[in-house]
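Let's take a walk through this one from the inside out. Have the viewer open and follow along.

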Amino acid sequence: MIGRSLIVARKEIVDHLRDGRSLLSGALYSLMGPLVVMAVSAGPTGDKPALLLSIMSVFALVSVFTGGMAVAMDITAGERERGSLVPLLLTRVARRDLVIGKWLATCAFALGALALNIAGVVAVITLRAPEHLTANAAPLAWWVLLGLAPLACLAAALELFVSTTCRTMKEANTALTFVVFVPMLVGMLLVFYPMSGNGWLALPVVGQQIAVERALRGAPVEVIQGLMLALMTVVAAVPALAGAARVLSRDDRFAA
């Protein structure tokens, strides 16, 4: 099972690394937050570092969703539209292996977008407040590892599931726009209406926003909370992957 999934993942990754326009679009989305904060911090609102850090954490949250969106659309709804999905489903590869392979490929691009976003965050903090980065590098690294990286896996699973229910790229693009809108809305609400208490840290998306914002402000990291958030986030991806496999098993949806 693992071997076949890895073969599928490798094929999808190689194919999409050749799509320069999609890669450029994903890179621009990933760097949007750092670029906006860099521009705003040079203006009259530069004296509000707490708000700027909160906004940057929202863009970090959104980057894991936008990073894999184009890939998820193309390897499901895109293949359905081009007529290449049905022949793939008729092979001896199990639906589960196909879904896991496509999910791993989507995860790879989502994690790549996250890495690019964090590089931009580090660059902005280094230029604007280098002492802040030196003091808070460890908390930020921990929360990226335990919070945002697992969220990228959940985002890939959700996008894959939504895309498998769509028949065309246009339909998938519309549906995934709403998927990306949710973390953006949650993040902005938490910026202006912060939640107190640690109970929210175990909730995917909400927990990541709170955790990254605290890390950017230098709050200490509690490893148990981070591990719990990572576990809850990864577990939440399982139903989405199972749903995608179930949709692909319904051959009538993909009849010509």
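Keep in mind that this is a predicted model. Start with the empty space: Met56, Ser57, Ala60, Ile118, Val121, Leu140, Val212 and Leu216 line the largest cavity. That lining splits into 7 nonpolar residues, 1 polar and no charged. Two or more of the lining residues come from each of α3, α6 and α9, and α3 gives the most, with 3 residues. As for volume, the largest cavity holds about 30 Å³ of space, and the structure has 1 cavity of 30 Å³ or more.

Now look at what is packed in the interior. The largest nonpolar core counts 63 residues, and Met56 and Leu216 turn up again here, among those with the most contacts inside it, together with Phe65, Val99, Trp103, Leu148 and Leu151. Helices that each supply at least two residues of this core include α3 (49-66), α6 (95-128), α7 (130-164) and α10 (223-249). The largest share, 13 residues, comes from α7.

Met56 is worth a click of its own. Setting aside neighbours within four places in sequence, Met56 is in contact with Pro34, Val37, Val121, Val124 and Ile125. Val121, one of those partners, also sits in the cavity lining.

Finally, swing over to a helix pair. The axes of α4 and α6 come within 8 Å and cross at roughly 150°. On the α4 side, Val71, Ala72, Ile75 and Glu79 meet Lys102, Thr106 and Phe109 of α6. The residues of this contact divide into 4 nonpolar, 1 polar and 2 charged.

Methods. Residues numbered from 1 in each chain as written. Predicted model: local features only at pLDDT ≥ 70, side-chain atom pairs only at ≥ 80, totals over all residues. Heavy atoms only, no water. Core = buried A, V, L, I, M, F, W, Y, C linked by side-chain atoms within 4.5 Å. Buried < 20%, exposed > 50% of the residue type's maximum accessible area, 1.4 Å probe, protein only. Helix = DSSP H or I, 4+ residues; strand = E, 2+ residues; numbered from the N terminus. Contact = heavy atoms within 4.5 Å. Axes fitted to C-alpha atoms, helices over the stretch in contact; angles between N-to-C directions. Nonpolar A, V, L, I, M, F, W, Y, C, P; charged D, E, K, R; others polar. 1 Å grid on protein atoms, 1.4 Å probe; cavity = no way out; pocket = protein on both sides within 12 Å on 5 of 7 lines; lining within 4 Å. Points joined across faces, edges and corners; volume = space filled by probe spheres on them.
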